[in-house]
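Please report on the pockets, the annotated positions and selected backbone features of the structure shown below.

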Amino acid sequence: MTNKMLSFPDGAAVPVIGQGTWGMGESHQLCEQEVRALQCGIDCGLTLIDTAEMYAEGGAEQVVGRAIDGRREQVYLVSKVYPHHAGGQQAINACENSLRRLQTDYLDLYLLHWRGGIPLVDTVRAMESLQQAGKIRHWGVSNLDCEDMQELWRVPGGEHCATNQVLYHLASRGIEFDLLPWCRQRDLPLMAYCPLAQAGRLRDDLFDHPLINEIAAQRALSVAQILLAWVIHRQGVLAIPKASSERHVRENAALLTLELTPEEIAQLEQAFPAPRHKVALDIV
């Protein structure tokens, strides 16, 4: 079986599992380990790396910059801009600062991290300006719900958005009611962050669940692998788990050539059913 890939609207093909960096760059003692983990991921085919100016206030971007030094062309590089920077000269400055920390002269994809007070029309204009200057190749959004996406599509140029990055995991399936179908109708890929659930009750519910542990044992896989495999079985969805150790990176990469069975998927979805009505978008 070949590695599973997903295509962005621009035609770029990326693996359905990337590398998230939320939480990286916060400890000098862990920096070398984080760099090695990202480099291991690239070696294993996890060539999409997602970061943000918010993560450790630029520290994660610096870690990524070190990891991709000399390997920039092997990587599909994604970063995100703070909402209060997402317009006019502030957006230009924010992008240039990210590029400096990442030690590169362009981003493959630049996302609005979440919606703030700056009008979407101003954000789109800023993104188009950055594209024209060659500083970003494409742009997208993060943490926008279905109504926000519909509003974005009404903005001139808004339909050129390349992705929406949202929280999505087995215990948080709200996007399946309206957002995921809306994006599928437009061939717009979704990037799933926190695919293993953030720390707290939901993560405990998943990692301690008897069914998930039983499936993991039967397949000789970890619980994390089962949860991640479930996220990426969805058409048009790619996941960006953080893995700060080489062992976890290799576990993630193994899923590029593994799939859950239809029976396993049905069991998981019966245990954690999707809502039958609109729910607020989960955001961390």
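The report covers the record annotations, one strand, two backbone outliers and two pockets, in that order.

## Model and annotated region

The structure is a predicted model. In the unreviewed UniProt entry, residues 17–270 carry the annotation "domain: NADP-dependent oxidoreductase". Helix makes up 44% of the chain over residues 17–270, and strand makes up 14%. The C-alpha atoms at the two ends of this range lie 24 Å apart.

## The annotated position H113

The unreviewed UniProt entry also lists H113 under "binding site". H113 sits in the loop that runs between strand 6 (107–112) and helix 4 (120–132). Its relative accessibility is 7%, which is under the 20% cut-off, so H113 counts as buried.

Which residues does H113 touch, leaving out those up to four places away in sequence? The contacts are A52, M54, Y55, K80, V81, P83, S142 and N143. Two of these contacts, K80 and V81, belong to strand 5 (residues 76–81). Another, N143, has an unusual backbone angle and is taken up below.

## Strand 5

Is strand 5 enclosed or open to the outside? Six of the six residues in strand 5 (residues 76–81) are buried, so the strand is largely enclosed by the rest of the structure. The side chains alternate: Y76, V78 and K80 point one way, while L77, S79 and V81 point the other way. Both sets are buried.

Strand 4 (residues 48–50) runs parallel to strand 5 and is joined to it by three bridges. Within this pairing, I49 has L77 as its bridge partner in strand 5.

## Positive phi at N143 and D187

Most residues other than glycine have a negative phi. N143 is not a glycine, yet its phi is positive, at about 60°. The residue lies in the loop between strand 7 (136–142) and helix 5 (146–154). N143 counts as buried because its relative accessibility is 8%. As noted above, N143 is among the contacts of H113.

D187 is also not a glycine and has a positive phi of about 55°. The loop that holds D187 connects helix 6 (179–185) with strand 9 (190–193). Is D187 buried or exposed? With a relative accessible area of 61%, D187 is exposed.

## Largest pocket

The largest pocket holds about 640 Å³ of space. Its lining consists of 32 residues, and those closest to the pocket centre are W22, C194, P195, P241 and K242. Which element gives the most to this lining? Helix 10 (residues 246–254) does, with three residues.

By residue class, the lining of the largest pocket splits into 16 nonpolar, eleven polar and five charged residues.

## Second largest pocket

For the second largest pocket, the volume is about 210 Å³. Of the 15 residues in its lining, K4, I232, H233, R234 and E259 lie nearest the centre. Strand 1 (5–7) and helix 9 (223–232) are the elements that give two or more residues to this lining.

How do the lining residues of the second largest pocket divide by class? There are nine nonpolar, three polar and three charged residues.

Methods: Residues are numbered from 1 along each chain as its sequence is written. This is a predicted model: local features need pLDDT of at least 70, side-chain atom pairs count only at pLDDT 80 or more; totals for chains, interfaces and linings use all residues. Side-chain values use heavy atoms; hydrogens and water are left out. On a 1 Å grid over the protein atoms alone, a cavity is a set of points where a 1.4 Å probe fits but cannot get out, and a pocket is an open set with protein on both sides within 12 Å along at least five of seven lines; lining residues have an atom within 4 Å of a point. Grid points are joined across faces, edges and corners, and a volume is the space filled by probe spheres set on the points. Helices (H or I, at least four residues) and strands (E, at least two) are DSSP runs, numbered from the N terminus. Ala, Val, Leu, Ile, Met, Phe, Trp, Tyr, Cys and Pro count as nonpolar, Asp, Glu, Lys and Arg as charged, and the others, Gly among them, as polar. UniProt positions are given in the numbering used here, feature names are shortened, and annotations may be inferred rather than shown by experiment. Buried means under 20% relative accessible area, exposed over 50%, partly exposed in between (1.4 Å probe, protein chains only). Contact means heavy atoms within 4.5 Å. Two strands pair if DSSP finds at least two bridges between them.
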